[in-house]
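Please take a look at the protein shown here. Some questions on its structure will follow.

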Amino acid sequence: EACRQTSSPENILNKVQDNEEEERLNRELELTTKERNELTDRLLYVTGGSMNKSPYFRPNPFYENLNIKEKEVMSLLHNLDTKNIEHREKFQELKKEINFYR
């Protein structure tokens, strides 16, 4: 005859308590993780992202996008400066040529 396990009220109560404790711990873990992520984001914002050498670094997508845009704008500005210098030099050459033919 096979041994049948019967669920005593005590076993059921223990399982319910275990499930409740597990749910409580899961909620606590979620809140702690959320708080850690928010604090990390805040620290990254305050430090300008300089803690990216940290093993716990979690890139902030807004900061990353802003950083990419800044590099694009700075590159565009550099190109415009270079073209401006080239055009000024060409303008000076043309002025000299005009004065030569007067």
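The questions and answers below cover folds, exposure, charges and rings.

This is a predicted model, in which local features need pLDDT of at least 70, side-chain atom pairs count only at pLDDT 80 or more, and totals for chains, interfaces and linings use all residues. Residues are numbered from 1 along each chain as its sequence is written, and side-chain values use heavy atoms, with hydrogens and water left out.

Q: How many helices does the protein have?
A: Helices (H or I, at least four residues) and strands (E, at least two) are DSSP runs, numbered from the N terminus. The protein has zero strands, and its helices number two.

Q: What percentage of the residues count as buried?
A: Buried means under 20% relative accessible area, exposed over 50%, and partly exposed in between (1.4 Å probe, protein chains only). Of the 102 residues of the protein, the buried share is 6%.

Q: Is R42 buried or exposed?
A: R42 is found in helix 1. Its relative accessibility is 55%, so R42 counts as exposed.

Q: Which residues are joined into one network by salt bridges?
A: A salt bridge is a side-chain nitrogen of Lys or Arg within 4 Å of a carboxyl oxygen of Asp or Glu. R24 meets E21 in one (2.8 Å, N to O), and E28 also meets R24 (2.8 Å, N to O). K69 and E72 form a salt bridge in helix 2 (residues 61-100). Shared partners join one network: E21, R24 and E28.

Q: How far apart along helix 2 are K69 and E72?
A: Their side chains meet in a salt bridge at 4.0 Å, N to O. K69 and E72 are separated by about one helical turn because their spacing in helix 2 is three residues.

Q: Which residues form the negative surface patch?
A: Patch residues have over 30% relative accessible area and no salt bridge; like charges are joined within 9 Å, nonpolar side chains (Val, Leu, Ile, Met, Phe, Trp, Tyr) within 5 Å. Asp and Glu count as negative. One member, E20, is found in helix 1 (residues 9-47). The patch is formed by D18, E20, E22 and E23.

Q: Why is the pair of F100 and Y101 edge-to-face?
A: Rings of Phe, Tyr and Trp (its six-membered ring) pair if their centres lie within 6.5 Å; planes under 30 degrees apart count as stacked, over 60 as edge-to-face and the rest as tilted. The structure holds one aromatic pair. The centres of F100 and Y101 are 5.2 Å apart, and the pair is edge-to-face because the planes stand at 85°.

Key: Accessible areas come from the Shrake-Rupley method with a 1.4 Å probe; for residues, only the protein chains shown count as cover. The place of a charge is taken as NZ of Lys, CZ of Arg, CG of Asp or CD of Glu.
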